[in-house]
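Look at the chain shown below. This report starts with a single residue and then moves out to the strands and the whole chain.

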Amino acid sequence: QVQLVESGGGLAQPGGSLRLSCTASTDRFAVNAMGWYRQAPGQVREFVAGVTSGGRSKFADSVKGRFDISRDNAKNMAFLQMNNLRPDDTAVYYCGASYDYTLDKYDFWGQGTQVTVSS
């Protein structure tokens, strides 16, 4: 089983930055793919970014050039650095993980953390 705990959400002004962290706790093997989806009120959950333990990454078009994703494999953690935030980035962000290497499909989920971008 895999448990995911997110941190780092909060309030940011347009143009500002936030950094999300996700820690994976496993009872056997380290996860391979980790990443984030987000869900705004009244919207479907959408893929944001993903990264494998080898460093291969993928981003949604809406965040390319603004968000970056990284891993600390020794600590089984992933980080989402969000820069130049916009109001339409406001959503609950969910960390996901998988033993597979698919960058945008996950089997395990965190509880979610709220990100609000507003002046």
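In this predicted model, aspartate 104 counts as buried because its relative accessibility is 17%, and the cut-off for buried is under 20%. Aspartate 104 lies in the loop between strand E9 and strand E10 (108-109). Leaving aside residues up to four places away in sequence, aspartate 104 touches Tyr37, Phe47 and Lys58. With lysine 58 there is also a polar contact, side chain to side chain, at 2.8 Å.

The next topic is strand E8. How many of the 6 residues of strand E8 are buried? The strand covers residues 77-82, and 5 of its 6 residues are buried, so that E8 is described as mostly covered. The table gives the two pairings of E8.

| Strand paired with E8 | Sense | Bridges | Residue opposite phenylalanine 79 |
|---|---|---|---|
| E3 (residues 18-26) | antiparallel | 6 bridges | serine 21 |
| E7 (residues 67-72) | antiparallel | 6 bridges | serine 70 |

Phenylalanine 79 of E8 therefore stands opposite serine 21 and is also the bridge partner of serine 70. The hairpin of E7 and E8 has 4 residues between the strands, and asparagine 76 takes a positive phi near 55 degrees there.

In soluble globular proteins, nonpolar side chains tend to be buried together. In this chain, the largest nonpolar core has 29 residues. The members that touch the most other members are Leu4, Met34, Trp36, Leu80, Met82 and Tyr93. At least two residues of this core come from each of the strands E1 (2-7), E3, E4 (33-39), E5 (46-51), E7, E8, E9 (91-98) and E11 (113-117).

What does the secondary structure of the whole chain come to? There are 0 helices and 11 strands, and the pattern along the sequence is β-β-β-β-β-β-β-β-β-β-β. Of the contacts between residues at least 6 apart in sequence, 58% join residues at least 24 apart.

Some overall values complete the picture. The chain has 119 residues and a radius of gyration of 13 Å, which agrees with the value near 14 Å for a compact globule of that length. Along its principal axes, the C-alpha trace spans about 45 × 25 × 25 Å. Buried residues make up 45% of the 119 residues. The chain exposes about 6,100 Å², and carbon and sulfur atoms supply 47% of that area.

Note on methods: Residues are numbered from 1 along each chain as its sequence is written. This is a predicted model: local features need pLDDT of at least 70, side-chain atom pairs count only at pLDDT 80 or more; totals for chains, interfaces and linings use all residues. Side-chain values use heavy atoms; hydrogens and water are left out. Buried means under 20% relative accessible area, exposed over 50%, partly exposed in between (1.4 Å probe, protein chains only). Two strands pair if DSSP finds at least two bridges between them. A nonpolar core is a set of buried Ala, Val, Leu, Ile, Met, Phe, Trp, Tyr and Cys residues joined through side-chain atoms within 4.5 Å. A polar contact is a pair of N or O atoms within 3.5 Å; within protein, one must be able to donate a hydrogen and the other to accept it, and residues adjacent in sequence count only if both atoms are side-chain atoms. Contact means heavy atoms within 4.5 Å. The radius of gyration is taken over C-alpha atoms; the globule rule is 2.2 Å times the number of residues to the power 0.38. Accessible areas come from the Shrake-Rupley method with a 1.4 Å probe; for residues, only the protein chains shown count as cover.
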